[in-house]
Amino acid sequence: MTILKADKISPLDPAAPEPFYRQIYDRFRSAIASGLLNPGDRIPSARALTKELGLARGTIDVAYSLLAAEGYIEAHGQAGTIVAPDLKPRTPVAIPTPRARNSTTTTSFRPDSILPFQMGLPALDAFPRKIWARLGARCVRAMQPSDMVHPSVCGLPALRAQIAAYLGVSRGINCSPSQIFVTSGYRHTIELIAHSLLNAGDRVWLENPGYPPTRDILGHMKIEAVAVPVDREGMVVSDGVRLAPRARAAVVTPAHQSPLSMSLSLPRRLALLDWAARNDAWIIEDDYDGEYRYVSRPLPALKSLDRDGRVFYSGTFSKVLVPSLRLAYLVVPESEVERVEQITEALAGGSPRLTQAIVTAFITEGHFARHIQRMRKLYAERRQATVAGLEGALGKQARIDLQPGGMHLIVRLQSRRSDSRLVARMREDGLYAEALSDWMAGGGGASALLVSFTNIGSQRAAENFGRQILKLM
């Protein structure tokens, strides 16, 4: 019979998330499983281990109690504590190593990184943290028991009212708070609409190129996506009518087409509304960054022209505040409010009430409107600096499309260079971009990089990153 000395136990880690008693328990159990300790072997007494490790006696007692309760050890009085004699060590089960996702060759469209040119991120350095912290502390101090129960699945009433008021002023949308549904993001919004309005086998117009997750969500729900081309005036409505005249819905990005950034022209808007009214179809307006326009005031939303109640308007706080809030909203036509409420009650869990309360205070006190104004000015400056820096570095190797609004640039590659291969190299080199070909239904199309300018601080930084891209070419 061998005796395990206390100094044979691997050192404990004071920075580990597990408490000391759990670390001791894990080490003895591993020693038994690996054969370092065999049935009948003695282990150090609790007193000896307490002295050796410099811990409280109670910590050791808790660890030994767990081991004894699970049958690993037995206390034999004066003879000491031993590994259970009848214990049969199990052969360790091989646990397959999870296959690592290759982040350099796949695009999540919701990355948790912060890289130069990363799409979907507002200017994180310009977020008003001090104001947010003050409002957050105040909301926490004001919490009552009624604020600690399950949140309303439709959204905090005060926030719904503030969103309705904001949309009336900024986007020309006349709606009541009861038409506003707070969601956890664009994907949740699309799922909510699809569950409320669509059935498996239905056909839906999507812009081509267009935001890939929309295709994926509809595909999982067995809804057929119909790729409708876009041109300089946005979605070509006549092509949609030709390809699928009886489609049940159309998903569009009228303010800044995603990803090409042109605006849907007024004739196209009217044609789309007319098609929806005549065919009892629905329009889903994704207004993901309509606040940011640099050549004129932001355009009114397509929803502002909706006289027949055919448009579902989708907005988000991810682009104007920060994505980690996981807050977005949906404006539902009055005729469909009851149906969407039923689906929301059945499927949604509600967004955190505290987060909604802070956003409500942020809007109510005027910080939201001022923040958007500051960001519009800052983005115009960073957009200009990024364009100048990239053009200076890339020269004739690329051409940059300059659109009137949005939060990203389109870098057109010359010489038919593969955008997806260049994007993979950039990811490996610590830069971010998305390939325009990945936004095309079926792939292919023009070769271009989609890059954000919101977190590029200067022309010099943009030029340095541009030289890095040039080397990767």
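Q: Between which two elements is the loop that holds P259?
A: The structure is a predicted model, in which local features need pLDDT of at least 70, side-chain atom pairs count only at pLDDT 80 or more, and totals for chains, interfaces and linings use all residues. Residues are numbered from 1 along each chain as its sequence is written, while side-chain values use heavy atoms and leave out hydrogens and water. With helices (H or I, at least four residues) and strands (E, at least two) taken as DSSP runs numbered from the N terminus, the loop of P259 is bounded by strand 8 and helix 9 (266-278).

Q: What is omega for the peptide bond from S258 to P259, and what is it for the bond joining N208 and P209?
A: Most peptide bonds are trans. The bond from S258 to P259 is cis, and so is the one joining N208 and P209, where P209 belongs to the loop between strand 5 and helix 7. Omega is near 20° for S258 to P259 and about 5° for N208 to P209.

Q: Is S261 buried or exposed?
A: S261 lies in the loop between strand 8 and helix 9 and, although not a glycine, has a positive phi of about 80°. Its relative accessible area is 1%, to be judged against limits of under 20% for buried and over 50% for exposed, with partly exposed in between (1.4 Å probe, protein chains only). S261 is therefore buried.

Q: What is the accessibility class of R326?
A: R326 is found in the loop between strand 10 and strand 11 (328-331). Its phi is positive, near 55°, in a residue other than glycine. Because its relative accessibility is 34%, R326 counts as partly exposed.

Q: With which side chain does D287 make a polar contact?
A: D287 is found in the loop between strand 9 (282-286) and strand 10 (311-316), and at 4% relative accessibility it counts as buried. Leaving aside neighbours within four places in sequence, D287 is in contact (heavy atoms within 4.5 Å) with residues including A255, Y313 and S314. A polar contact is a donor-acceptor pair of N or O atoms within 3.5 Å, residues adjacent in sequence counting only through side-chain atoms. At 2.8 Å, the partner of the D287 side chain is that of R171.

Q: Which elements are among those covering the buried residues of helix 7?
A: The buried residues of helix 7 (212-220) are P212, P213, T214, I217 and L218. The helix is followed by K222, whose phi is positive, near 65°. The cover includes helix 6 (186-197), strand 5 and strand 8.

Q: Which helix gives the most to the largest nonpolar core?
A: A nonpolar core is a set of buried Ala, Val, Leu, Ile, Met, Phe, Trp, Tyr and Cys residues joined through side-chain atoms within 4.5 Å. The largest has 62 residues, with L167, F317, L321, V359, F368 and L449 making the most contacts inside it. The leading contributor, with eight residues, is helix 12 (367-394).

Q: Which residues does L321 touch beyond four places in sequence?
A: L321 is one of the residues with the most contacts inside the largest core. Not counting residues up to four places away, it touches P122, F127, W132, V359, F362, F368 and H371.
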